Amino acid sequence: MQNINGDGGGSRSNKPWTPTFCTIIDAETTSFSYLACSNCERVLPNDSLPNPPTCAVCSNKYTFPTASKRLYRLLLSIAISDKVIPVMCFDRAARVLVGCSADELFNFCKSHPFAEEKMGEILEGEMCQMTLCEPKNGNAQHLRVVSVVPLRAGFRPAIHTLRLLYGVDNSHRSSN
Ligand SMILES: [Zn+2]
């Protein structure tokens with residue numbers, strides 16, 4: 001398993017902090033993922049679509065073509081006591097809330113109209129304990145979610161609720 005951001009070796013200046021609890025009040029689900037190289041997890045340009053983008057670094061290094069995959073980049077607004085702040089959820093944290101890979105959710109949304117909006121609605125109001133840190137990347141302006149623990153008893157990842165809503169059989173894979 002690689003790091004979430006392809007950008008390793010940054011200086012970790014600010015310590016992560018964990019507020020007692022926070023509430024998700026909004027989820028920006030219209031663009032919840034980005035394409036990354038499945039080998040090195042570098043961000044791939046989206047503008048080369050419809051042809052699958054290839055990783056410039058890996059295609060130089062290896063003779064076989066490298067595939068791409070989707071990783072989460074989910075922007076949430078969370079309320080901590082009386083403040084509302086935007087935070088960025090990358091793959092590991094977002095998977096806890098959504099319950100499947102970004103590729104899986106992307107495909108689900110492609111074949112189920114308004115699934116992104118529904119997912120946003122499902123996540124809204126969810127109470128969690130989040131560990132937050134300053135972004136490692138200098139260009140990023142939002143706090144980053146390091147880890148998330150849903151606090152509600154009976155919490156189900158969003159994909160479970162989506163499958164129920166759309167009447168999709170859940171038999172082939174249930175990761176909890
Ligand atoms: Zn690569």
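1. E41 sits in the loop that links β2 to α1, the latter spanning residues 56–61. In this predicted model, E41 has a positive phi of about 65° although it is not a glycine. The residue counts as partly exposed, because 19 C-beta neighbours lie inside 10 Å, and a residue needs 20 or more to be called buried.

2. F114 can be read alongside E41, since phi of F114 is likewise positive, near 65°, in a residue other than glycine. F114 belongs to the loop between α3 and α4. With 11 other C-beta atoms within 10 Å, F114 is exposed, the limit for that class being 12 or fewer. A positive phi also appears at G99, just after α2, where the value is about 90°.

3. C37 is placed in strand β2, which covers residues 33–37. It has 21 C-beta neighbours inside 10 Å and therefore counts as buried. Once its neighbours within four places in sequence are set aside, C37 is in contact with R42, L44, C55, C58, T66 and S68. For one of these partners, C55, the C-alpha atom is separated from that of C37 by 5.8 Å, with their positions 18 residues apart along the chain.

4. As for the overall layout, the protein has five helices and six strands, and from the N terminus on these elements follow the order β-β-α-β-β-α-α-α-β-β-α. Of its 176 residues, 26% count as buried. Among the contacts between residues at least 6 apart in sequence, 66% join residues that are at least 24 apart.

5. Helix α2, residues 91–98, is largely enclosed by the rest of the structure, because six of its eight residues are buried. The buried residues are D91, A93, A94, R95, L97 and V98, a list that a colleague may wish to read against the elements around the helix. What covers these buried residues includes the strands β3 (68–80), β4 (83–90) and β6, together with the helices α3 (102–111), α4 (115–123) and α5 (158–165).

6. The pair α4 and α5 deserves a point of its own. Their axes come within 10 Å and cross at roughly 125°, and that angle makes α4 oblique to α5. The crossing in which α4 passes α5 is right-handed. On the α4 side the residues that meet α5 are A115, K118, M119, I122 and L123, while α5 contributes A158, T161, L162 and L165. By class, this contact of α4 with α5 has seven nonpolar residues, one polar and one charged. As background to the spacing of such residues, an α-helix has 3.6 residues a turn, so residues three or four places apart point the same way.

7. The largest nonpolar core has 37 residues, and within it C89, V145 and A158 touch the most other members. The largest share of this core, five residues, comes from β3. As a general tendency, nonpolar side chains in soluble globular proteins are buried together. For V145, the contacts beyond four places in sequence are with V87, M88, C89, A93, M130 and L132; A93 is also among the buried residues of α2, and A158 is one of the α5 residues that meet α4.

8. Strand β6 can be followed through two further residues, L143 and V149. L143 lies in β6 and is partly exposed, because it has 19 other C-beta atoms within 10 Å. Apart from neighbours within four places in sequence, L143 is in contact with I85, V87, L132, C133, E134 and P135. Its C-alpha atom is 4.9 Å from that of V87, although the two residues are 56 apart in sequence. Both V87 and L132 are also listed among the contacts of V145.

9. V149 is in strand β6, which runs over residues 143–150. With 13 C-beta neighbours inside 10 Å, V149 counts as partly exposed. Leaving aside residues within four places in sequence, V149 is in contact with C128 and Q129. The C-alpha atoms of V149 and M127 are separated by 8.8 Å, the two residues being 22 apart along the chain.

Notes:
Residues are numbered from 1 along each chain as its sequence is written. This is a predicted model: local features need pLDDT of at least 70, side-chain atom pairs count only at pLDDT 80 or more; totals for chains, interfaces and linings use all residues. Helices (H or I, at least four residues) and strands (E, at least two) are DSSP runs, numbered from the N terminus. Two residues are in contact if their C-beta atoms, placed from the backbone, lie within 7 Å. Axes are lines fitted to C-alpha atoms, for helices over the stretch in contact, and angles run from 0 to 180 degrees between N-to-C directions. Angles under 35 degrees count as roughly parallel, over 145 as roughly antiparallel, 65 to 115 as roughly perpendicular and the rest as oblique. A crossing is left-handed if the near helix is turned anticlockwise from the far one by less than a right angle, and right-handed if clockwise. Ala, Val, Leu, Ile, Met, Phe, Trp, Tyr, Cys and Pro count as nonpolar, Asp, Glu, Lys and Arg as charged, and the others, Gly among them, as polar. A nonpolar core is a set of buried Ala, Val, Leu, Ile, Met, Phe, Trp, Tyr and Cys residues joined through C-beta atoms within 7 Å.
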